Amino acid sequence: MNNPVLYQKFAGPRLRPGMDLLHRVIALNSSRGPAVKIADLGCGSGQLTTPLADAFPSKDLNIVAIDSSANMLAQAKKSLCSSSYLDHISFQQNTFEGFTKDESVPNDFDLIFSNSAFHWTENHDVLLPNLIRKLKQKTGILAFQIPDSRLQMSHTLMSEAAKKCGLIAVLKNVRIPQCQLDPIHYYRILSPLVAYLDIWTTIYVQPLDVELNTQHPVADFYSSTGLSVYLNALGGIEDEKSKSLLKAYSELLDEKYPPLTGVDGNKVVLLEVKRFFLVAQCR
């Protein structure tokens, strides 16, 4: 994921699950002191960085905004340049794995927060315990939310579109980022390591505007996220193979996600998105 402009086009629907996660963390943290040292892991364009700072105001606040994409970090720096919290925010280009292996970073974070980024990583059975070790003992909190699109029609149609335009052989080994495991597996990984563990899922019904002379809005929504791995493997969004895939995908979406009349009279499609949430507190 490295196209911040396309990603920000749907900033509202992408923000809501992250805010829901943050509200749960605030409620859990209400009986403790403020979270002073925070990692915004996979910060993207910095959409949740300011709300994180708003939630835990402190003169000693230290937020490390981390992302593997230089483009996303550049957008985050730009969007936060006028923030009143700028002096309390540092930026770091790194992966989840790199963050956990960085011995120069003390294992004393009050909160490791990740909004819709953890699914881009693999080996969660190894990565999650390593993230727990980065937290302050007894009080540190790990919180993340990711899309669980394994059975979602929008994602099953991606592979159907690849078959339809003869690209499935090229893309068969390309992993679409999504929730890796069922909740019970995440529970088994973390329950021996934490004192508190809350796991839940929510389905969001998101109206997406239908725009004239553009591809289907669901294709537009995923072109900067799940579908982007296919497009990048084909040479980028401007490559003819990518255009062929997007055309086939949009045709399939037209049948499954028909336009409706929205509350304002304009045309919309409804996209159901399942999100997986996890909040854990150290022993």
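Here is a short walk through this structure, one selection at a time. Keep in mind that the model is predicted.

**The whole chain**

Start zoomed out, with the cartoon on. You should find 12 helices and eight strands. The radius of gyration is 19 Å, close to the 19 Å that the globule rule gives for 283 residues, so the protein is as compact as a globular protein of that length. Turn it around and picture a box of roughly 55 × 40 × 30 Å along the principal axes, which the C-alpha atoms fill. Buried residues account for 50% of the 283 residues. As for the contacts between residues at least 6 apart in sequence, 80% of them link residues at least 24 apart.

**Into the largest nonpolar core**

Next, select Phe99, Ile112, Phe118, Leu131, Phe144 and Tyr186. These have the most contacts inside the largest nonpolar core, which has 29 residues. Colour the elements that feed it: strand 1, strand 2 (62-67), helix 5, helix 6, strand 5, helix 9 (183-190), strand 6 (194-209) and strand 8 (267-282) each give at least two residues to this core.

Now centre on Phe118. Which residues does Phe118 touch, leaving aside its neighbours within four places in sequence? Show Phe96, His124, Leu127, Leu128, Leu131, Phe144, Ile146 and Tyr186, and you have them.

Before leaving, select Ala219, Val229, Ala248 and Tyr257. They are among the 28 residues of another core, which lies apart from the largest one.

**A buried lysine**

Jump to Lys134, in the loop between helix 6 (124-133) and strand 5 (141-147). Lys134 is buried but has no salt bridge. What is the nearest side chain of opposite charge? That is Asp102, and it sits 6.1 Å away. A salt bridge would need the side-chain nitrogen within 4 Å of a carboxyl oxygen, so this pair does not make one.

What does Lys134 reach instead? Its side chain comes to 3.0 Å from the backbone oxygen of Val105. There is also a polar contact of 3.3 Å between the side chains of Lys134 and Asn107. Show everything around Lys134, skipping residues up to four places away in sequence, and its contacts include Phe99, Thr100, Pro106, Asp108, Phe109 and Ile112. Phe99 and Ile112 should look familiar: both were on the list for the largest core.

**Salt bridges to click through**

The whole structure holds 12 salt bridges. Begin with Asp108, one of the residues Lys134 touches. Asp108 pairs with Lys37, with the closest N and O atoms 2.6 Å apart. Asp108 lies in the loop between helix 5 (96-101) and strand 4 (111-115) and Lys37 in strand 1 (residues 37-41), so the pair ties together parts that are 71 residues apart in sequence. Switch on a surface: Asp108 is partly exposed at 29% relative accessible area, while Lys37 counts as buried at 15%.

Now try Lys136 and Asp110, whose side chains meet in a salt bridge of 3.0 Å, N to O. Lys136 is in the loop between helix 6 and strand 5 and Asp110 in the loop between helix 5 and strand 4, so this bridge ties together parts 26 residues apart in sequence. Buried or partly exposed: where does Asp110 fall? At 7% relative accessibility, Asp110 counts as buried, whereas Lys136 is partly exposed at 33%.

For the last stop, select Asp148, Arg150, Asp182 and Lys274. Salt bridges with shared partners join these four into one network.

Conventions: Residues are numbered from 1 along each chain as its sequence is written. This is a predicted model: local features need pLDDT of at least 70, side-chain atom pairs count only at pLDDT 80 or more; totals for chains, interfaces and linings use all residues. Side-chain values use heavy atoms; hydrogens and water are left out. Helices (H or I, at least four residues) and strands (E, at least two) are DSSP runs, numbered from the N terminus. Buried means under 20% relative accessible area, exposed over 50%, partly exposed in between (1.4 Å probe, protein chains only). Lys and Arg count as positive and Asp and Glu as negative; His and the chain ends are not counted. A polar contact is a pair of N or O atoms within 3.5 Å; within protein, one must be able to donate a hydrogen and the other to accept it, and residues adjacent in sequence count only if both atoms are side-chain atoms. Contact means heavy atoms within 4.5 Å. A nonpolar core is a set of buried Ala, Val, Leu, Ile, Met, Phe, Trp, Tyr and Cys residues joined through side-chain atoms within 4.5 Å. The radius of gyration is taken over C-alpha atoms; the globule rule is 2.2 Å times the number of residues to the power 0.38.
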